[in-house]
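Trainee: I am new to this model and would like a close look at one part of it. Please start with a single residue and work outwards.

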Amino acid sequence: MTVTVSTGSSSSSLARGLRVTGMAVAAVLVYLIVLWRCLLLAGELTAGNSLAGALFSALTRYDEVGNAFLALSIGSIYALIALGYTMVYGIIELINFAHGDIFMIGAFLSVVFTGGIFGQHEGVHNIPFLAFLLLGALLFAMPLVGLINVTIERLVYRPLRHAPRLAPLITAIGVSFILQNIVLIIAGSGDRTAAQVFPLDWQIPFGGASISVLSIFIFALSLGLMLALQNFIRRSRMGRAMRATAQDQSAASLMGVDLNQTIALTFLLGGMLAGAAGVAWGLRFGFVKFDLGFNSGLKAFTAAVLGGIGNISGAVLGGFIIGFIENFASALGYSRWSEFLVFMVLTFVLVFKPSGILGQLTGDRA
């Protein structure tokens, strides 16, 4: 059995994955915009307007532009969390149900930094100080959450690595409850305000609508982290070790790959991305709660399965799709049905393509 950890097609594979993800996200966006226009047209016609007037009104409204960027920011958060699920599953085939609660801890740590340490509880319009707070929150939350995730792997998952699959799965659920109850004891059961230090009144006008600068920032931050992860996995020595371990642990070990170190690195990176998602969540929604990780983690896991579990590009794509579905359902007045629509899409996709939209990536061979 031959496993390759370095190939000349890495750059082309990365470009292909990004291209497919971008095209799929663009297709979803175009579909939802067309659907939005049709619904606007139907509403104008129902109101008694002429066909020409209804067409003009439907085609000159730009409400969906702001909604699209809002959906991108929400989808970015789900995608960052989903990356942790998909990387751990790709390496050791473990569904880490505690990962959503790792994200929740990241959200609380960002509150501790901005609200507890610096006492900020509203938007900061001083750009240098705002940049300091955002960078500081990321540098505070990401390493700590990553270390917590590595500690859980070392103390809980590693002893069960060769146990029957049900044992680590049940253990992951137990770790989830432990983390939730620790935060419940420390922070209480109610919602806790997260300082939205990024001013919500910063808007970019576009036609008759406006685009939130915060949405652009969250999307840009998440996209930068995702690209950095892709390049790390494709180009670095440890990234090649991760790919080799995902393809065949036994063969990778024979080739000199330190499995314990590689798996710990996977948990570290997944935890750090979840920490960044926690910071973005506080900026976007303005609250945190001890059970925040349950719903968000479930949706992120759904995103990973939707795009193709074990596929990094698939996890990103799934996160964006769920963000679009949720946001446009809410914009159309069907917010109560958003989760139903998400899981209906998931079921529909898995019926026709059980491996997810992009499928699970296979390792390159030489």
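Which residues does Thr266 touch, not counting residues up to four places away in sequence?

Mentor: Thr266 touches Met87, Val88, Ile91 and Met242, where contact means heavy atoms within 4.5 Å. The model is predicted, so local features need pLDDT of at least 70 and side-chain atom pairs pLDDT 80 or more, while totals for chains, interfaces and linings use all residues. Residues are numbered from 1 along each chain, and side-chain values use heavy atoms, without hydrogens and water.

Thr266 counts as buried because its relative accessibility is 1% (buried is under 20% relative accessible area with a 1.4 Å probe, protein chains only). Its place is in helix H10, residues 259-285 (helices are DSSP runs of H or I, at least four residues, numbered from the N terminus).

H10 also helps to line the second largest pocket, as do H3 (63-92), H11 (292-307) and H12 (312-331), each with at least two residues. A pocket here is an open set of points on a 1 Å grid over the protein atoms alone, where a 1.4 Å probe fits, with protein on both sides within 12 Å along at least five of seven lines; lining residues have an atom within 4 Å of a point. This pocket holds about 300 Å³ of space. It has 16 lining residues, and those closest to its centre are Tyr78, Trp281, Phe287, Ser296 and Lys299. H11 contributes the most to the lining, with four residues.

H12 is largely enclosed by the rest of the structure, because 18 of its 20 residues are buried. Just after H12, Gly333 has a positive phi of about 90°.

Note on methods. Buried means under 20% relative accessible area, exposed over 50%, partly exposed in between (1.4 Å probe, protein chains only). Grid points are joined across faces, edges and corners, and a volume is the space filled by probe spheres set on the points.
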